[in-house]
Amino acid sequence: MTSVQQSIALAPQSSCDADLAAGPWVFDLSPGYGPGASEADVLPDPVVRPGQLPEAYQQMDEAELHRRIRAAKQTLGDRLVVLGHFYQRDEVVQHADFVGDSFQLANAALTRPDAEAIVFCGVHFMAETADILSRPDQHVVLPNLAAGCSMADMADEDSVETAWEELLDVLGETEPDGRASVVPVTYMNSSAALKAFCGRNGGIVCTSSNAATVLEWAFQRGRRVLFFPDQHLGRNTAKAMGIGLDAMPMWDPRRPLGGNTEEALRSASVILWHGFCSVHRRFSVAQIEQARAQHASVKVVVHPECPMPVVDAADAAGSTDFIRKYVAASQPGDVIAIGTEVNLVNRLAAEHPDRTIFCLDPVICPCSTMYRIHPGYLAWVLDGLVEGEVRNEIVVDAAVAADARVALERMLAALPKS
Ligand code: 13P
Ligand code: SF4
């Protein structure tokens, strides 16, 4: 049996990120994530920096890691719940008690108030959300603290506060009809500090599955929406609601008024933050055309974090759970090209061997931060829980959590449309 180090070295080299051929602990030390990645993190003392997986776990072979994970789960029983996002690799997903999209996992965190520990196999903002929604005495653990989200980092609290002040200076606080002049909406893929900002300012959180319901909620309360950090989810959702592109100016946080005129902001319906997902930005209309040229009957389904021309050229777009259901509803013999993270695509292909299912991107692009959750880290944090030590805990400051909870509870009440 190969050690984890060896099996990672043998991983497909066709990845768009050469780093992924190395063990996550090799590149975890790069700056950017870990405790303090979110302005709302409470830093442990001493601070545990990423990249500290003990050598023994780095060298352990996979069979031993899986044996340890299963044994720890059995010992901990109902005291533990393991959540896994659809983008996690199969070696991790096999140990999850719940697998889902970010909306479903936020709900799942609420379903087990009896569990002492919630181990979140996903990324930093998802674990923060679980900490905010769970009981104060529950521990939320992110197996590898270096698992962040580059999109979430594209909007920070200071820049959003500055944008907000500039917008209120131009637009005032309320409209003649009594609605707010602007309602802040943050995508789930954002720091707890930004969720708290929305809670304090009459706003709400959305996920890719309930973004349309959330925008309807916001327009009942306000004339405009400031949508951050993902411009593509904002644009695709607003366009599907019939909002014209000329009513969706982009806000560039490096420029005064986000690079807009006062007039453009007054006539805006949705002001889009200049953020994006580097995984979903890779999908292109040319890839869809190629898929259609190679398979006349192909159906194309993509995630709404893809750019608008890609969503427009696809047959359907929706959250990771939407994509899963789309494939489940297809027939044997169908051909489906998918524009989302490759771990989910490969799993769907394996679950439906009687269909042709492939990733639109021929270069294959995993989310390099989701990928940092490795069975080695999962075994290490679970062994810690068995020994009574909580490793890699995510703790959101209580005042931030209180405001963020307001915006998250609004989100949980805004159900996806299908
Ligand atoms: P979902 O809301 O579809 O789970 O997506 C989360 C995510 O990070 C997509 O990149
Ligand atoms: Fe963030 Fe994109 Fe990875 Fe989702 S796929 S976690 S948006 S970097």
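This is a short walk through a predicted model, starting at its two ligands and moving out to a few residues in helices and loops.

**Stop 1: ligand 1**

Select ligand 1 and show the residues around it: His 85, Tyr 87, Asp 101, Ser 102, Asn 189, Ser 208, His 280, His 303, Glu 305, Ser 319 and Thr 320. Colour that shell by residue class and you should get one nonpolar, eight polar and two charged residues. Now colour by domain: domain 1 (4-150 + 369-397) and domain 3 (280-359) each supply at least three residues of the shell.

Next, draw some distances from the oxygen atoms of the ligand. Try these:

- Ser 102, where a polar side-chain atom sits 2.7 Å from an oxygen atom of ligand 1.
- Thr 320, where the partner is a polar backbone atom, 2.9 Å from a ligand 1 oxygen.
- Asn 189, with a side-chain N or O atom 3.1 Å from an oxygen atom of ligand 1.

Then switch on a surface. How much of the accessible area of ligand 1 does the protein cover? Taken on its own, ligand 1 has 300 Å² of accessible area, and the protein covers 95% of that.

**Stop 2: ligand 2**

Move over to ligand 2. Its surrounding residues are Tyr 87, Cys 149, Ser 150, Met 151, Asn 189, Cys 277, Val 279, Glu 305 and Cys 367. Keep Tyr 87, Asn 189 and Glu 305 highlighted as you go, since they are listed around ligand 1 and around ligand 2. By class, this shell has six nonpolar, two polar and one charged residue.

Now pick out the cysteines. An unreviewed UniProt entry lists Cys 149, Cys 277 and Cys 367 under "binding site". These three span 219 residues of sequence, yet they cluster in space, with a largest C-alpha distance of 9.4 Å.

Stay on Cys 277 for a moment. Follow the chain from strand 9 (270-273) towards helix 13 (285-294) and you'll find Cys 277 in the loop between them. Is Cys 277 buried or exposed? Cys 277 counts as buried because its relative accessibility is 11%, below the 20% cut-off.

**Stop 3: two helices**

Select helix 10 (residues 211-221) and find Gln 220 in it. Gln 220 is exposed, at 58% relative accessible area. Show side chains and you can pick up a polar contact of 3.4 Å between those of Gln 220 and Arg 221. Then draw a C-alpha line to Val 183: that residue is 37 positions away along the chain from Gln 220, and the line should read 10.0 Å.

For a contrast, go to helix 11 (residues 231-240), home of Leu 233. Leu 233 counts as buried, with 0% relative accessibility. From its C-alpha to that of Gly 275 is 9.9 Å, across 42 residues of sequence.

**Stop 4: backbone oddities**

Hide the side chains and look at the backbone. Where does the peptide bond turn cis? Zoom in on Phe 228 and Pro 229, joined by a cis peptide bond with omega of about -10 degrees. Pro 229 is in the loop between strand 7 (225-228) and helix 11.

Two non-glycine residues with positive phi finish the tour. Leu 257 has a phi of about 50 degrees; look for it in the loop between strand 8 (250-251) and helix 12 (262-266). Leu 257 is buried, at 18% relative accessibility. The other is Asn 392, with a phi of about 55 degrees. Asn 392 lies in the loop between helix 17 (375-386) and helix 18 (398-413), and at 9% relative accessibility it is buried too.

Note on methods:
Residues numbered from 1 in each chain as written. Chains lettered and ligands numbered in written order. Predicted model: local features only at pLDDT ≥ 70, side-chain atom pairs only at ≥ 80, totals over all residues. Heavy atoms only, no water. Near = heavy atom within 4 Å. Nonpolar A, V, L, I, M, F, W, Y, C, P; charged D, E, K, R; others polar. Polar contact = N/O pair within 3.5 Å; in protein donor to acceptor, adjacent residues only side chain to side chain. Areas by Shrake-Rupley, 256 points an atom, 1.4 Å probe, with all protein chains shown as cover. Domains from an automatic or database assignment. UniProt positions renumbered as here; feature names shortened; annotations may be inferred. Helix = DSSP H or I, 4+ residues; strand = E, 2+ residues; numbered from the N terminus. Buried < 20%, exposed > 50% of the residue type's maximum accessible area, 1.4 Å probe, protein only.
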